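Visitor: Could you walk me through this model, one question at a time?
Guide: Gladly, let us look at it together.

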Amino acid sequence: MSSPFTLGWEEWVAFPDLGLPAIKAKVDTGARTSALHASVIEPFGPIDKPQVRFLIQPNPDDLSLEFTCSAPVVDRRQVTSSNGEAELRYVIQTQLKCGDRTWPVDVTLSNRESMQYRMLFGRTSIADDMMVDPNHSFAQGVLSFDLYKGLPKRKPVKRPLRIALLTKEPNNYSSKRLIEAGEARGHVVEAIDTTRCYMKIDAHASEVHYDGRALPRYDAVIPRIGPAITSYGLAVLRQFINSGAYCLNQPDAIAASRDKLLAHQLLARERIGMPVTTFANSPKDTKDLVSLVGGAPVILKLLQSSQGKGVVLAETRKAAESLVDAFRGLEANFLVQEFVGEAAGRDTRCFVIGNKVVAAIQRIAAEGEFRSNLHRGGTAEAVRLTKEERDIARRAAQTIGLSVAGVDILRTNDGPKVLEVNSSPGLEGIETATEKDIATLIIQNLEAKVRPLSREQRL
Ligand code: ADP
Ligand code: MG
């Protein structure tokens, strides 16, 4: 007969599901439930599937070693600790490994700085066939905090993330897909109406408020800010960043992508091909603008155009000049651009995620229309890119500074030319035409970038 599994009065244990390879535990048969010493204990997740995440410093003698863990909550329990203090604690269930045995245990989370042992091993965690020998120390062998050294500092985050999707349209295709993809990967995604957010700007505690309450801290924000509210939306985004969230696309990059003049200048600086583009302030220069782009036909574009709404084609010089004057009369800001006729109402939308082109479609304008925007009735089909197109798309996104971007390219006689770089590219057209799961790729990109909760981020 083999000898029974014996626990000493202190033991080294591991929590594989929490990603903790070594914790020193004190076995305390006087305590009912096991407890883990954690801080920044924060509940999240839907009401019917609650989770909790917390920070743990496994080595009491080296507080710089810290890890973020999360686990499903199985209960909340009133626990009276040895000093008589009653506290409502979260109870998680997780696998415990000690020696060569692994078994599920319930563990309460408590935040008591004074505990020398990060874990208290209570009665209910000790199986019937186990023995406790209070004269023995580390009966199941000795581990070391060195086990944490092998863990990469910025390994992709496996823990569930709390993600805010900033959008005014939680029910459109792109929003629904991002929520679905995030939840499928175990995260919590909350759609938040950007225009309803307000802010408390403070050196010590920047907060975003909504409906009379401060929003919790998010790990990440996915901005889907419409062009109508760019300025306010970017302020809200900066506020989320100040409160410790990682932002999928940075506010400055979004601002650059929304201003066609600035975007073209940034792209030109990097020698990225584009149709010849002009811009002037004074009406005296109208004629020259049209000449500089090679004469009619020309394209006029409002600087803030989107979905093709502010883009017009002037077929003759006369039409071009009157349009320029009319736009000026309206005090609109616009640029005048060479018309690329050989593109024949087609452009290529390249979807870039983290410096990689993950999908591309060709958009074909409706009959009698030169704008290929899907919102203007264009149709989409999957397309194979040349290496040159791939490179230019990647470089354009990188130049504007976007980690997720839709780069629009015209195929011209002089090679690919970038028309614009979109910071909130729609998912419907491209996912449907290419049958690729772009939403999941976006979520995976976030997972790789979000750092575990660190001390600096704790506000
Ligand atoms: P928006 O931001 O409103 O979508 P774009 O600059 O992308 O504005 O232009 C909309 C569409 O008009 C493009 O997708 C393309 O089909 C067409 N277009 C824009 N500029 C040109 C151009 N210089 N030559 C030919 N077609 C163009
Ligand atoms: Mg466009």
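**Surface, shape and a buried helix**

Visitor: How much area does the chain expose, and what share of it do carbon and sulfur atoms supply?
Guide: Accessible areas here come from the Shrake-Rupley method with a 1.4 Å probe, and for residues only the protein chains shown count as cover. On that basis the chain exposes about 22200 Å², and the share from carbon and sulfur atoms is 49%.

Visitor: Before we go on, what kind of model is this, and how are residues numbered?
Guide: This is a predicted model, where local features need pLDDT of at least 70, side-chain atom pairs count only at pLDDT 80 or more, and totals for chains, interfaces and linings use all residues. Side-chain values use heavy atoms, leaving out hydrogens and water, chains are lettered from A and ligands numbered from 1 in the order in which they are written, and residues are numbered along each chain as its sequence is written, from 1.

Visitor: What radius of gyration does the chain have, against that of a compact globule?
Guide: The radius is taken over C-alpha atoms, and the globule rule is 2.2 Å times the number of residues to the power 0.38. The C-alpha trace spans about 100 × 45 × 35 Å along its principal axes. For 459 residues a compact globule would be near 23 Å, but the chain has 29 Å.

Visitor: Into which domains is the chain divided?
Guide: The bounds come from an automatic or database domain assignment. Between domain 2 and domain 4, 16 residues of each are in contact (heavy atoms within 4.5 Å), and their C-alpha centres are 24 Å apart. The full list is domain 1 (5–155), domain 2 (162–247), domain 3 (276–339) and domain 4 (343–451).

Visitor: Why is helix H3 described as largely enclosed?
Guide: Helices are DSSP runs of H or I with at least four residues, strands are runs of E with at least two, and both are numbered from the N terminus. Buried means under 20% relative accessible area, exposed over 50%, and partly exposed in between (1.4 Å probe, protein chains only). Cover for the buried residues of H3 includes strand S17 (220–223), helix H2 (230–242) and helix H7 (387–400). H3 (residues 251–258) is largely enclosed by the rest of the structure because six of its eight residues are buried.

Visitor: Which residues is Gly186 in contact with, leaving aside neighbours within four places in sequence?
Guide: Gly186 sits in the loop between helix H1 (173–184) and strand S13 (188–192). Its relative accessible area is 32%, so Gly186 counts as partly exposed. Beyond those neighbours, the contacts of Gly186 are Gln51 and Pro160.
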